[in-house]
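Student: I should like to learn how to read the features of a protein model. May we go through them in turn, with the structure in view?

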Amino acid sequence: MKHFRILLLLGATAICSPAFAQQTMYVAGYGGSFQQEMQSDIIPGFEAKHNVKIVYVPGISSETVAKLQAQKGHEQINVAIVDDGPMYQAIQYGDCDSLASAPVYDDIYDFARFEGRAIGIGLNATGIVYNTEVFKKNGWAPPTSWQDLTDKKYAQRFTTSSISGTYGVDALVVFARINGGGEMNIQPGFDAIREKLAPNVVSWSSSPAQIAEMFENGDIDIAVWGSNRAIPLKDGGFPVEFVYPKEGAVALVAAACVVVQNNASELSQAFVQYLVSPEVQKKLATQGFGPANRKTRLDAGLAAELPYGPEKIAKMISVEWPVINQHRAEWTSVWNRTIEK
């Protein structure tokens with residue numbers, strides 16, 4: 001009995017010692033089905049391997065970046081997952097630590113790298129989504145170019161988001177580029193949208209749910225939208241297809257960074273590396289994210305819906321988010337005065 005008591009005492013001491021204490025990490029990222037996938041299928045494997053408890057903090061990208069700013073100097077979030085535009089803001093604000101070197105990063109597409117401060121964990125594409133049934137009924141050829149959106153036959157049958165949404169920013173930059181400008185000369189984009197695109201717009205919407213409803217209600221036949229947004233509609237039986245325009249579909253990259261001065265730096269680095277492993281990339285693909293890791297292998301059905309494989313990746317283009325973020329307030333003012341007036 002004496003020996004048994006000693007063993008119990010030693011066991012209790014070991015469990016309470018720092019070596020056996022379970023550390024807690026906070027990961028901020030998207031809500032909805034992404035959060036569900038993270039908490040049910042992705043996070044538990046990392047927790048078990050590293051003896052860590054991960055608390056997931058859901059929110060849209062702008063909210064997460066705001067939280068990082070609010071916590072500066074007493075950081076609570078360890079890893080942040082946000083869209084590429086807000087990620088460049090977080091990097092600019094000094095919220096993201098340098099990524100530790102890891103072989104897995106060599107397998108990530110170049111356009112999914114963020115100055116050594118963040119890494120892409122999933123790919124979406126901004127392109128054209130259209131109602132195949134309506135197009136067939138009207139005898140319209142499927143769209144192949146961004147310029148097709150200015151065709152007058154789409155008058156009051158088209159929508160996209162305003163400059164407040166990523167799709168609107170992407171459209172503005174693309175129309176600037178194909179009309180002789182670009183991020184450093186955005187005026188051709190404003191001119192093209194005001195004169196040629198805006199007359200076709202039934203309403204400007206940054207709400208994915210609203211755009212989906214507009215398709216389903218027959219209010220629109222075509223939109224600038226994301227590849228991941230078309231998937232639920234199509235899977236639900238609605239006749240839509242996503243098009244990679246010949247000038248290029250804009251890459252929309254979900255990215256992760258290790259927050260500076262956090263209390264679990266090594267674990268945070270390991271978690272980001274875990275997110276870009278082929279195993280986890282395959283799981284994220286079920287949420288509509290094309291793999292950022294080129295070594296990920298998907299089955300044919302899933303691959304057909306996502307930015308995946310050499311042919312589609314070759315059709316992806318990037319926008320200069322550091323330049324966009326620098327001028328976005330000014331562009332928003334111009335947009336409100338000249339387009340949505």
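Student: Which residue of β3 is the bridge partner of Ala28?

Tutor: The partner of Ala28 is Ala80 in β3. This is a predicted model, and the bridge belongs to a pairing in which strand β1 (residues 23–29) and β3 run in the parallel sense, joined over 2 bridges.

Student: How many bridges join β3 to strand β10, and in which sense do the two run?

Tutor: Strand β10 (residues 249–258) is antiparallel to β3, with 5 bridges between them. At Asp83, the residue standing opposite in β10 is Ala254.

Student: Why is strand β3 described as largely enclosed?

Tutor: A residue is called buried when its relative accessible area is under 20%. Strand β3 covers residues 79–83, and 4 of its 5 residues are buried, so the rest of the structure largely encloses this strand.

Student: How should one think about the side chains along a strand?

Tutor: In a regular strand, side chains alternate between the two faces of the sheet. As a single case, consider Tyr26, which is placed in strand β1. Tyr26 is partly exposed, and its relative accessible area is 35%.

Student: What does Tyr26 touch beyond four places in sequence?

Tutor: Tyr26 touches Val55, Val57, Gln76, Ile77, Asn78 and Val79. Separation in sequence and separation in space are two distinct readings: Tyr26 and Lys53 are 27 residues apart in sequence, with 8.5 Å between their C-alpha atoms.

Student: Which residues of helix α7 are buried, and what covers them?

Tutor: Helix α7 spans residues 187–197, and its buried residues include Pro188, Gly189, Phe190, Ala192, Ile193 and Leu197. The elements covering the buried residues of α7 include β6 (158–160), α6 (166–177), β7 (201–204) and α14 (321–338).

Student: Which residues of α7 take part in a network of salt bridges?

Tutor: Side chains of opposite charge can pair when their charged atoms come close. Here Asp191, Arg194 and Glu195 are linked in such a network. Within this network, Arg194 forms a salt bridge with Asp191, and their closest N and O atoms are 3.2 Å apart. Arg194 and Asp191 are 3 residues apart in helix α7, a separation of about one helical turn. Arg194 is partly exposed at 30% relative accessibility, and Asp191 is partly exposed at 25%.

Student: How many salt bridges does the whole structure have?

Tutor: The search finds 12 salt bridges. One of them joins the side chains of Lys283 and Glu279, at 3.9 Å from N to O. Lys283 and Glu279 both lie in helix α11 (residues 278–285), 4 residues apart, or about one turn of the helix. Lys283 is partly exposed, with a relative accessible area of 22%. A further salt bridge joins Lys315 and Glu311, also with an N to O distance of 3.9 Å. In that pair, Lys315 is partly exposed at 34%, whereas Glu311 is exposed at 61%.

Student: How many aromatic pairs are found in the whole structure?

Tutor: There are 17 aromatic pairs. Trp204 and Trp335 form one that is edge-to-face, with 5.2 Å from centre to centre and 75 degrees between the planes. This pair links distant parts of the chain, since Trp204 is in strand β7 and Trp335 is in helix α14, 131 residues apart. Trp335 is buried, at 1% relative accessibility.

Student: Why is the pair of Phe271 and Tyr274 called tilted?

Tutor: Planes under 30 degrees apart count as stacked and those over 60 as edge-to-face, and the rest are tilted. The planes of Phe271 and Tyr274 stand at 40 degrees, with ring centres 6.1 Å apart, so the pair is tilted. Phe271 and Tyr274 both lie in helix α10 (residues 265–275), 3 residues apart. Phe271 is buried at 0% relative accessible area, and Tyr274 is buried at 15%.

Student: Where is Ser162 found, and with which side chain does its own make a polar contact?

Tutor: Ser162 is in the loop between β6 and α6. The side chain of Ser162 makes a polar contact of 2.8 Å with the side chain of Ser164. Ser162 is buried, at 10% relative accessibility, and the residues it touches include Trp204 and Trp335.

Student: Where does pLDDT stay under 50?

Tutor: Where pLDDT is low, the predicted coordinates should not be read in detail. In this model that caution concerns residues 1–19, where pLDDT stays under 50. The mean pLDDT of the protein is 92, and 94% of its residues reach 70 or more.

Key
Residues are numbered from 1 along each chain as its sequence is written. This is a predicted model: local features need pLDDT of at least 70, side-chain atom pairs count only at pLDDT 80 or more; totals for chains, interfaces and linings use all residues. Side-chain values use heavy atoms; hydrogens and water are left out. pLDDT is the predictor's confidence in each residue, from 0 to 100. Contact means heavy atoms within 4.5 Å. Buried means under 20% relative accessible area, exposed over 50%, partly exposed in between (1.4 Å probe, protein chains only). Two strands pair if DSSP finds at least two bridges between them. Rings of Phe, Tyr and Trp (its six-membered ring) pair if their centres lie within 6.5 Å; planes under 30 degrees apart count as stacked, over 60 as edge-to-face and the rest as tilted. A polar contact is a pair of N or O atoms within 3.5 Å; within protein, one must be able to donate a hydrogen and the other to accept it, and residues adjacent in sequence count only if both atoms are side-chain atoms. A salt bridge is a side-chain nitrogen of Lys or Arg within 4 Å of a carboxyl oxygen of Asp or Glu.
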